[in-house]
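Walk through the model below with attention to its enclosed spaces, its aromatic rings and the confidence attached to each part.

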Amino acid sequence: MKIFHLASAALLLAAPFALAQTSTWKSDAAHSDVGFSIVHMGLDAVPGSFGKVSATIVYDEKDITKSTVNATIDVAGLDTRNESRDADVKGGTYFDTAKYPTATFASTSVAKGGSGLLVSGNLTIKGITKAVVLDVEGPRGPVTGMDKKPHVGFSASTTIHRTDFGIGANVPTMILSDDVKITINLDAAKQ
């Protein structure tokens, strides 16, 4: 009986240390963004950015491969620095932001590789979910932010096919490439 009590006490004492292995980080909206570029008429890459990104990272300090990432991207805030093009791209032919104002990403695995980490997950745009892999640099830091919280930085990139998500499905690739490069910059604060 004494051994049972000792083992129980040891487990209770160890529990806070096990929990301390993971921490939650939230993106800082003022210092985080999701950008994209797509080749127009085979000539040049037209850049753009989405509105705010809200990401939550559950970081396993002991084993980063057990970490998770979930993000919501404000597609309705899309900006290509051309108002008439923005209105067109937000319309039904492309993103249909009236019906689908956000996109989401939910990680399924984290592995070491690429530029630092390879984060696999499900990207949902216009109600269509496809598997993608993000090539992630980071974490950089931590540094103490003006909010007195530790902050870390990540940069990630991937390429998707717009037609896989029903974006401009009837627009020929001679006019708009199927490949869309996506870049993500996150400043995340420890909660």
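**Rings, cavity and pocket**

Phe36 has a relative accessible area of 12%, so it is buried; buried means under 20% relative accessible area, exposed over 50%, and partly exposed in between, with a 1.4 Å probe and protein chains only. The model is a predicted one, in which local features need pLDDT of at least 70 and side-chain atom pairs count only at pLDDT 80 or more, while totals for chains, interfaces and linings use all residues. Residues are numbered from 1 along each chain as its sequence is written, and side-chain values use heavy atoms, with hydrogens and water left out.

Confidence is expressed as pLDDT, the predictor's confidence in each residue, from 0 to 100. The protein chain has a mean pLDDT of 90, with 90% of its residues at 70 or more. Among its elements, strand β5 (residues 68–74) has the highest mean, 98, and helix α1 (residues 2–19) the lowest, 42. Over residues 1–18 the pLDDT is below 50, and this stretch has 0 contacts in the model beyond near neighbours in sequence; contact means heavy atoms within 4.5 Å. Helices (H or I, at least four residues) and strands (E, at least two) are DSSP runs, numbered from the N terminus.

Phe36 takes part in one of 2 aromatic pairs. A pair of aromatic rings is described by the distance of the centres and the angle of the planes. Rings of Phe, Tyr and Trp (its six-membered ring) pair if their centres lie within 6.5 Å; planes under 30 degrees apart count as stacked, over 60 as edge-to-face and the rest as tilted. The ring centres of Phe36 and Phe50 are 5.0 Å apart with planes at 40°, so this pair is tilted. Phe36 sits in strand β2 (residues 33–40) and Phe50 in the loop between β3 (44–49) and β4, 14 residues apart. Phe50 counts as buried because its relative accessibility is 13%. With Phe95 its ring centre distance is 5.7 Å and the planes stand at 85°, so the pair of Phe50 and Phe95 is edge-to-face. Phe95 lies in the loop between α2 (83–90) and β6, 45 residues from Phe50. Ring pairs thus link Phe36, Phe50 and Phe95 into a cluster.

Which residues lie nearest the centre of the largest pocket? They are Phe36, Ile38, Val89, Tyr94 and Leu176, out of 20 lining residues. On a 1 Å grid over the protein atoms alone, a pocket is an open set of points with protein on both sides within 12 Å along at least five of seven lines, a cavity is a set where a 1.4 Å probe fits but cannot get out, and lining residues have an atom within 4 Å of a point. The volume of the largest pocket is about 400 Å³; a volume is the space filled by probe spheres set on the points, and grid points are joined across faces, edges and corners. β2, α2 and β10 each give two or more residues to the pocket lining.

The count of cavities of 30 Å³ or more is 1, and the largest cavity has a volume of about 410 Å³. Of its 30 lining residues, Val69, Phe105, Leu134, Ala156 and Ile184 are the closest to the centre.
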